[in-house]
Amino acid sequence: MDDILNDAYFMKQALSEAEKAFDEGEVPVGAVIVCNRRIIARAHNLTETLNDVTAHAEMQAITAAASVLGGKYLKDCTLYVTIEPCPMCAGALAWAQISRIVYGAGDEKRGYSLIAPALLHPKTEVASGVLADEARELMRRFFVGKR
Ligand SMILES: [Zn+2]
């Protein structure tokens, strides 16, 4: 399968996680972790449900993937996340030694790339803009509903 098609396919899965978050009243961010073209973890933001500011989609996904793999490193894995990771999650992804990160929409307020681009390991490959409009639209709908 072509890599770009692959990225869109897995990002759709991350978006469906973000929709779950939306339905639960959580800021709609979703993530999946893929290893050998197989989804090994699916997660969405749970900060309200768990009363935990660290319960971002990426953090949940990292923990779940490590448990599936039986090891703390995610060296041959790709994380797909609908919104650009914040510095906390970028730091965690660096600790996990993830090999690739694909995100949808950029986050010009909380995104790691503006605040702390050096957080990621230099060997970590990053791609962005995959289904960005869908991710952004879900966020927009969420915050309109909150006002
Ligand atoms: Zn985060």
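Start by finding the zinc ion: read along the sequence, and its donor residues follow the spacing H-x29-C-x2-C. Keep in mind as you click around that this is a predicted model.

**Stop 1: the zinc site**

Select H56, C86 and C89 together with the zinc ion. The contacts to look for are ND1 of H56 and the SG atoms of C86 and C89, which coordinate the zinc at 2.0 to 2.3 Å. Now color the chain by secondary structure and see where two of these donors sit. H56 belongs to the loop between strand 2 (38–44) and helix 2 (57–69), while C89 is part of helix 3 (residues 87–95), so this pair ties together parts that are 33 residues apart in sequence.

Turn on a surface next. Is C89 buried or exposed? C89 is buried, with a relative accessible area of 0%. H56, on the other hand, counts as partly exposed, at 24% relative accessibility.

**Stop 2: helix 3 and its cover**

Stay with C89 and extend your selection along helix 3. Its buried residues are C89, A90, G91, A92 and L93. What covers them? Show the neighbors and you'll find that the cover includes helix 2, strand 3 (77–83), strand 4 (100–105) and helix 4 (112–115). Then step just past the helix to Q97, which follows helix 3 and has a positive phi, near 60°.

**Stop 3: two more backbone spots**

Here's some background for that last click: most residues other than glycine have a negative phi. With that in mind, go back to the loop between strand 2 and helix 2, where you'll find N51. Its phi is positive, near 50°, and N51 is not a glycine. With the surface still on, N51 shows up as exposed, at a relative accessible area of 73%.

Now jump to L131, in the loop between strand 5 (125–128) and helix 5 (132–146). L131 is another residue other than glycine with a positive phi, this one about 55°.

**Stop 4: a cysteine pair to check**

Finish by selecting C35 and C77. How far from C35 is the nearest cysteine sulfur? That sulfur belongs to C77 and is 3.1 Å away. A disulfide here requires the two sulfur atoms to be within 2.5 Å, so this pair doesn't qualify. In fact, the disulfide count for the model comes to zero. Before you leave, check the surface around C35: at 11% relative accessibility, C35 counts as buried.

Technical notes. Residues are numbered from 1 along each chain as its sequence is written. This is a predicted model: local features need pLDDT of at least 70, side-chain atom pairs count only at pLDDT 80 or more; totals for chains, interfaces and linings use all residues. Side-chain values use heavy atoms; hydrogens and water are left out. Donors are N, O and S atoms within 2.8 Å of the metal (3.2 Å for Na, K and Ca); water is not among the atoms, so sites may look incomplete. Helices (H or I, at least four residues) and strands (E, at least two) are DSSP runs, numbered from the N terminus. Buried means under 20% relative accessible area, exposed over 50%, partly exposed in between (1.4 Å probe, protein chains only). Contact means heavy atoms within 4.5 Å.
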